[in-house]
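This report moves from the chain as a whole to one helix and its surroundings, and then to a residue further along the sequence. Please read it alongside the sequence and the coordinates.

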Amino acid sequence: QAMKSHIIALLYAVITCSSTDGRQFLDPHNSYQDPVSSDAFNESKVHVTQDSRHQPEYYGYEPTCPDAEDIAPCVCTYVSEDNAMDLDCSAVESEDQLKQIFKSYFPFKNFVLFIMHGNNSITVLEAGVFNGISFESIIIYNTNLEVIELQALDSCYETAWEIDVSNNMITSFPFDELSQFSKLSHFRIKKNSLSMIPADAFNGLTALELLYLDGNHANIVGTFKHLPSLSWIGLSSNDYSLTNYTIPTNFIKTGSSDLGYIDLHGNNIVSVEPDAFDIVEGLHIHMEHNALSTLDEATWRPYLEAQVHLWAADNPLVCGCDIAWLFGEDQLLEHVSTSTTCTDGERLQDLDPKIFDLC
């Protein structure tokens, strides 16, 4: 009977100290715990913290950085308040060194942030460089990076909500694989050296909210469509982007009811065809520093009637009968920026409406 009781007690101890999937629960009375496999850590979910970081949940486990000497000069930081890890590889000295770092042992494969800034050594981000390590935010800026190869970011297809590769020297980016980033909401590739940007590459990114393509002096090919969450699109300083410097019909047709800003300043734009953009109440369209000589009624009346705000300063506007429609009883001029002037410098708001009586 005593032996039977002892066996029952042992069985009870085994049952209460083990989970149904074979992992041991942490016993506060036992200083030694069996290690948990990295696969268990990587079965993670994601939620957003109050400071907008996307924090993984590791079922109560605290993520662990790789050994510092294995990944040097990259630096892994554990952010305790978010229960998440960031990786800073700003000091990496070569493409080969970066690849070797990601071949090291990583107890956790899910990071929040990858950052590289001020780096003068990396010119190519090679295919598969992250070796299965995923990131939710990828920020590379102020570097000599020229090429991001196809599948360089493939481990982040299902995790990345932000890609910011601004202020580099990028001439080649794998736009064709953008559709595979299912959570991508912020994309910035400002101030690089792209010669061509395929607008169609963004179409269908249902989570995309912010799109910054400014400062590339690039040829923008195609149209921006089917972006239902987009709130801001920046296309400024791409002054070689449009055929005959004309914005065509259906150029930006996102279908987003949240679209708040279209920035096209500094592009040498001569004309805008009717129905070029979404019409959303409260939308701001920035056309400053272009080459518009008129505000064509067929183009702009539908927008101003929908209370879209047009910013048109620093354009060589000829204030003749072609803008008389702005001075009617519907007071559409109030939706044009007060800084908008004629070629002689006089503000449109200061013009006497009577000068248009004979138009």
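## The chain as a whole

Two residues are in contact when heavy atoms of theirs lie within 4.5 Å. In this model, which is predicted, residues 24 or more positions apart account for 56% of the contacts that have a separation of 6 or more.

The chain contains five helices and 21 strands, and 47% of its 359 residues count as buried. Its exposed area comes to about 17,600 Å², with carbon and sulfur atoms supplying 51% of that surface.

## Helix α5 and its ends

Helix α5 spans residues 297-305 and includes Trp300. At the N-terminal end of α5, Asp296 acts as a cap, with one of its side-chain oxygens placed 3.3 Å from the backbone nitrogen of Ala298. After the helix comes Gln307, a residue with a positive phi, near 60°.

## The buried side of α5

Thr299, Trp300, Tyr303 and Leu304 are the buried residues of α5. They lie on the same side of α5, because the arc that they cover around the axis is only 100°. Among the elements that cover these buried residues are three strands, namely β19 (271-272), β20 (284-286) and β21 (309-311).

## Trp300 and its contacts

Trp300 has a relative accessibility of 2% and therefore counts as buried, the cut-off for this class being under 20%. When residues up to four places away in sequence are left aside, Trp300 touches Val272, Phe277, Ile285, Met287, Leu295, Leu310 and Trp325. Of the strands that help to cover the buried residues of α5, β19 takes in position 272, β20 position 285 and β21 position 310, and Val272, Ile285 and Leu310 are among the residues that Trp300 touches.

A further spatial relation links Trp300 with Pro274: these two residues are 26 positions apart along the chain, yet their C-alpha atoms are separated by 7.5 Å.

## Thr341, after the last strand discussed

Thr341 belongs to the segment that follows β21. Is this residue buried or exposed? Its relative accessibility is 19%, so Thr341 counts as buried, given that the class requires a value under 20%.

Leaving out residues up to four places away in sequence, the contacts of Thr341 are with Asn315, Leu317, Glu346, Arg347 and Leu348.

How values were computed
Residues numbered from 1 in each chain as written. Predicted model: local features only at pLDDT ≥ 70, side-chain atom pairs only at ≥ 80, totals over all residues. Heavy atoms only, no water. Helix = DSSP H or I, 4+ residues; strand = E, 2+ residues; numbered from the N terminus. Buried < 20%, exposed > 50% of the residue type's maximum accessible area, 1.4 Å probe, protein only. Areas by Shrake-Rupley, 256 points an atom, 1.4 Å probe, with all protein chains shown as cover. Arc of directions from axis to C-beta. Polar contact = N/O pair within 3.5 Å; in protein donor to acceptor, adjacent residues only side chain to side chain.
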